[in-house]
Amino acid sequence: MPVVSLFYGIKISFYYDDNNPPHFHAAYAGNKALVDILNCAVIKSALPKKQLELAKCNAELIQIEPLR
């Protein structure tokens, strides 16, 4: 899985053919989270609170328009 962003030790990755809804994977110190890109919602997480909030901020930065 390619890493598309790395900040404060948090790795952000996307899978090429991953399931819907559109989301990214965040990893930090062996913990992982899935964050929905369209509404910045946490799908699943084991990240510490501070790192999860930073990952959610990343979702706000990469907001994309849904395909029509």
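**A five-stranded sheet, one helix and a pocket**

C40 sits in the loop between β4 and β5. In this predicted model, the phi angle of C40 comes out near 55 degrees, a positive value in a residue that is not glycine. C40 counts as buried, with a relative accessibility of 17%, just as the cut-off of under 20% requires.

A29 makes a handy counterpart. This residue belongs to the loop between β3 and β4, and its phi is positive too, near 50 degrees, again in a residue other than glycine. A29, however, is exposed, at a relative accessible area of 69%. The loop between β2 and β3 has its own oddity: it holds P21, and the peptide bond leading from N20 to P21 is cis, with omega near -5 degrees.

Now for the overall layout. The chain has 68 residues, and 28% of them are buried. Its secondary structure amounts to 1 helix and 5 strands, and reading from the N terminus the elements go β-β-β-β-β-α. As for contacts with a separation of 6 or more, 19% are between residues 24 or more positions apart.

The strands build an open sheet of 5, ordered β1-β2-β3-β4-β5 and paired in antiparallel fashion. β1 and β5 are the edge strands, and each has a single partner, so one side of each is left without a neighbour in the sheet. From one strand to the next, the twist averages 20 degrees. Strands of a sheet pair through backbone hydrogen bonds, and the pairing can be parallel or antiparallel.

At one edge, β1 (residues 3–7) pairs with β2 over 4 bridges, in the antiparallel sense. V3 has its bridge partner in β2, namely S13. These two strands form a hairpin with 2 residues between them, where Y8 adopts a positive phi near 50 degrees. At the other edge, β4 and β5 run antiparallel and are joined by 3 bridges. Here L34 stands opposite K44 of β5.

Helix α1, spanning residues 49–61, lies across β1, β2, β3, β4 and β5. Relative to β3, helix α1 runs at about 150 degrees.

What about empty space? Rolling a probe the size of a water molecule over the atoms shows where such space is left. The largest pocket holds about 200 Å³ of space. Several strands contribute to its lining: β2 (10–13), β3 (23–28), β4 (31–36) and β5 (42–45) are the elements that give two or more residues to it. There are 13 lining residues, and those nearest the centre of the pocket are H25, A26, K32, A33 and L34. L34 therefore has two roles to note, as a residue near the pocket centre and as the residue opposite K44 in β5. By class, the lining of the largest pocket is made of 7 nonpolar, 3 polar and 3 charged residues.

Key
Residues numbered from 1 in each chain as written. Predicted model: local features only at pLDDT ≥ 70, side-chain atom pairs only at ≥ 80, totals over all residues. Heavy atoms only, no water. 1 Å grid on protein atoms, 1.4 Å probe; cavity = no way out; pocket = protein on both sides within 12 Å on 5 of 7 lines; lining within 4 Å. Points joined across faces, edges and corners; volume = space filled by probe spheres on them. Nonpolar A, V, L, I, M, F, W, Y, C, P; charged D, E, K, R; others polar. Pairing = 2+ DSSP bridges. Axes fitted to C-alpha atoms, helices over the stretch in contact; angles between N-to-C directions. Contact = heavy atoms within 4.5 Å. Buried < 20%, exposed > 50% of the residue type's maximum accessible area, 1.4 Å probe, protein only.
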